[in-house]
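The following paragraphs offer a guided reading of one protein structure. Please keep the sequence and the model in view while reading.

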Amino acid sequence: MRLVRVGCSGWNYDDWRGRLYPERAPKRRWLELYSQRFDTVEVNSTFYRLARREAVAGWVEQTPAEFLFAVKASRYLTHIKRLVGIEDGIKRFYEPLDPLLRSARLGPVLWQLPENFHRCDARLEGLLELLPPGLHTIEFRHPSWFVPAVMDQLRAHDVALTMGDHPGRPFQTYEATADWRFIRFHYGARGRNGNYSANEITEWAERIALWRRREAVYAYFNNDWNGYAPANAGILLRRLGLA
């Protein structure tokens with residue numbers, strides 16, 4: 001059986017106080033407390049601004065040695081530059097992440113493309129050729145990308161297709177393009193206000209149990225409001241027998 005890691009997209013949410021975190025716990029301890037429940041987190045702040053090296057070093061110090069950080073690539077590269085002329089930008093993005101690289105704590109890097117970014121094989125290939133060593137996953141949000149030729153491009157570079165689970169994007173597929181999978185749980189279809197129902201999570205656990213026979217799985221809940229994400233992630237871990 002292959003590795004499975006389950007966590008949340010971020011840890012710094014005020015409405016997790018009293019749910020995941022004790023009421024009086026200071027925010028500077030939230031990552032430490034989070035890492036006592038989960039062995040991975042997806043860092044979304046790097047999508048909006050470059051990380052600070054000092055802050056990244058602090059992430060390493062606050063978490064156990066086996067804890068892994070998935071990191072979301074800068075929107076400047078994916079949404080503003082739209083994958084054109086990004087070689088120097090990729091270097092700037094990676095520089096402050098050096099403490100994660102040195103400590104072997106950097107997991108998958110997520111490249112999320114915007115919803116209005118239609119398929120462009122040349123731009124995709126340009127990105128794929130620039131990717132540094134490591135695990136990379138791409139989340140497409142326009143249906144034009146979901147064709148065999150694009151999946152073949154990802155396979156040729158050993159890049160994983162992100163499964164972005166959301167009822168508003170039914171064109172997403174369960175196709176594997178690498179020897180590992182990356183799942184983002186954005187919004188439950190059968191729970192209230194984006195919460196995942198227990199039956200939905202059980203169905204996902206059954207899929208993951210099958211997939212992990214051949215592929216490692218990284219899964220993150222992005223429905224962070226009302227404490228849904230840590231609660232849903234905890235249920236998935238229990239369904240998988242990993243709690």
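The model shown here is predicted. A suitable place to begin is helix H3, which spans residues 53–62 and has Val56, Gly58, Trp59 and Val60 as its buried residues. Which elements cover these buried residues of H3? The cover includes two helices, H1 (30–34) and H6 (98–102), and also two strands, S2 (40–43) and S3 (68–72).

Attention may now turn to a pair of helices further along the chain. Helix H9 comprises residues 198–211 and helix H10 residues 228–239; the two pack with their axes 9 Å apart and at an angle of about 50°. That angle is neither under 35 degrees nor within the range of 65 to 115, and H9 and H10 are therefore oblique to each other. The crossing of H9 past H10 is right-handed.

The contact itself can be followed residue by residue. From H9 come Ala198, Ile201, Thr202, Trp204, Ala205 and Ile208, and these meet Asn232, Ile235, Leu236 and Arg239 of H10. By character, the residues of this contact comprise seven nonpolar, two polar and one charged. A general point assists in reading such a pattern: an α-helix has 3.6 residues a turn, so residues three or four places apart point the same way.

The cysteines remain to be considered. How many disulfides does the structure hold? The number is zero. Is cysteine 8 buried or exposed? Cysteine 8 counts as buried because its relative accessibility is 0%, the limit for burial being under 20%. Cysteine 120, by contrast, has a relative accessible area of 25% and is therefore partly exposed.

Definitions and conventions. Residues numbered from 1 in each chain as written. Predicted model: local features only at pLDDT ≥ 70, side-chain atom pairs only at ≥ 80, totals over all residues. Heavy atoms only, no water. Axes fitted to C-alpha atoms, helices over the stretch in contact; angles between N-to-C directions. Helix = DSSP H or I, 4+ residues; strand = E, 2+ residues; numbered from the N terminus. Parallel < 35°, antiparallel > 145°, perpendicular 65-115°, else oblique. Left-handed = near helix turned anticlockwise from the far one by under 90°. Contact = heavy atoms within 4.5 Å. Nonpolar A, V, L, I, M, F, W, Y, C, P; charged D, E, K, R; others polar. Disulfide = S-S within 2.5 Å. Buried < 20%, exposed > 50% of the residue type's maximum accessible area, 1.4 Å probe, protein only.
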